[in-house]
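Here is my friendly note on the model you shared, set out as numbered points. I hope it helps as you look through the structure yourself.

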Amino acid sequence: MMATPKPGPVQIASRNPIPLSSSQETQVRELYYKRVRGYCADEIRDFASCALNRTFSATWVCRQQRLAMNNCMISHASQQEQDAAREEWFATRDQRRKEREVKEAKRKEQEKFHRAWWGMPPLPEDEEASGANEGKR
């Protein structure tokens with residue numbers, strides 16, 4: 001007699017199959033919260049203006065505004081919105097990489113200027129880069 005194979009766990013196709021690091025997931029979560037807050041900006045503004053200059057009395061004085069704000073945020077806080085935030089994060093990945101490269105190049109230029117200004121010796125990597133450029137001339 002042959003044994004029938006046991007069925008394995010059901011594979012669910014994910015819209016975003018690439019696993020992200022903890023810091024990347026944090027960035028996606030921040031995008032998600034920003035999107036939800038954007039949808040509910042009016043309700044948040046109403047609650048904030050009601051709660052201004054109030055302490056614990058805001059709990060019952062601003063109850064309608066708080067409930068409206070919470071209902072809005074709950075209605076927009078969905079898995080589809082999380083997926084949209086994740087897709088937006090992936091779409092802007094190249095832009096963020098370019099911004100990091102520009103920032104790093106600017107930092108290196110500032111460090112080179114700082115070292116020249118104070119008469120400090122250049123870093124070994126700066127000497128190699130300038131020596132390679134001089135050899136090409």
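1. Let me start with the disulfides: this predicted model holds 2 of them. With the bonded cysteines counted along the chain, they follow the pattern 1-4, 2-3.

2. One disulfide joins Cys 40 to Cys 72, with an S to S distance of 2.1 Å. This pair links distant parts of the chain, 32 residues apart: Cys 40 is in the loop between α1 (22-39) and α2 (41-51), while Cys 72 belongs to helix α4 (residues 63-76). The link of Cys 40 and Cys 72 is left-handed, with -95° about the S-S bond. If you colour by accessibility, you will find both Cys 40 and Cys 72 buried.

3. The other pair to look at is Cys 50 with Cys 62, a disulfide whose sulfur atoms are 2.0 Å apart. Cys 50 lies in helix α2 and Cys 62 in the loop between α3 (58-61) and α4, so this disulfide ties together parts that are 12 residues apart in sequence. The link of Cys 50 and Cys 62 is left-handed, with -90° about the S-S bond. Are its two cysteines, Cys 50 and Cys 62, buried or exposed? Cys 50 counts as buried because its relative accessibility is 12%, under the 20% limit. Cys 62 also counts as buried, at 0% relative accessibility.

4. Now to the charged side chains. A search of the whole structure finds 9 salt bridges. One of them is formed by Asp 42 and Arg 45, whose closest N and O atoms are 2.9 Å apart. Asp 42 and Arg 45 are separated by about one helical turn, because they are 3 residues apart in helix α2. Asp 42 counts as partly exposed, at 49% relative accessibility.

5. Helix α6 is worth a closer look for its charged residues. The side chains of Arg 107 and Glu 111 meet in a salt bridge at 3.0 Å, N to O. Both residues, Arg 107 and Glu 111, lie in helix α6, 4 residues apart, or about one turn of the helix. Arg 107 counts as partly exposed at 37% relative accessibility, and so does Glu 111 at 26%.

6. Glu 111 also meets the side chain of Arg 115 in a salt bridge, at 3.9 Å, N to O. Please keep in mind that the cut-off for a salt bridge is 4 Å. Arg 115 and Glu 111 are 4 residues apart in helix α6, about one turn of the helix. Which residues are joined into one network by salt bridges that share partners? They are Glu 104, Arg 107, Glu 111 and Arg 115.

7. Arg 115 deserves a point of its own. With a relative accessible area of 16%, Arg 115 is buried, because the limit for that label is under 20%. The side chain of Arg 115 also has a polar atom 2.8 Å from the backbone oxygen of Pro 121.

8. Next, the aromatic residues. The structure holds 4 aromatic pairs. Among them is the pair of Phe 113 and Trp 117, which is tilted: the rings are 5.9 Å apart centre to centre, with 35° between the planes. The word tilted fits because planes under 30 degrees apart count as stacked and those over 60 as edge-to-face, with the rest called tilted. Phe 113 and Trp 117 both lie in helix α6, 4 residues apart, about one turn of the helix.

9. Are these two rings, Phe 113 and Trp 117, buried or exposed? Phe 113 is exposed, with a relative accessible area of 56%. Trp 117 is exposed too, at 60%.

10. My last point is about the surface. Which residues make the nonpolar surface patch of about 550 Å²? Phe 113, Trp 117, Trp 118 and Met 120 do. Met 120 is found in the loop between α6 (93-117) and α7 (124-136). At 36% relative accessibility, Met 120 counts as partly exposed. Phe 113 and Trp 117 thus appear both in the tilted aromatic pair and in this nonpolar patch.

Notes:
Residues numbered from 1 in each chain as written. Predicted model: local features only at pLDDT ≥ 70, side-chain atom pairs only at ≥ 80, totals over all residues. Heavy atoms only, no water. Patch = residues over 30% accessible without salt bridge, like charges linked within 9 Å, V, L, I, M, F, W, Y side chains within 5 Å. Areas by Shrake-Rupley, 256 points an atom, 1.4 Å probe, with all protein chains shown as cover. Helix = DSSP H or I, 4+ residues; strand = E, 2+ residues; numbered from the N terminus. Buried < 20%, exposed > 50% of the residue type's maximum accessible area, 1.4 Å probe, protein only. Phe/Tyr/Trp six-rings, centres within 6.5 Å; stacked < 30°, edge-to-face > 60°. Disulfide = S-S within 2.5 Å. Polar contact = N/O pair within 3.5 Å; in protein donor to acceptor, adjacent residues only side chain to side chain.
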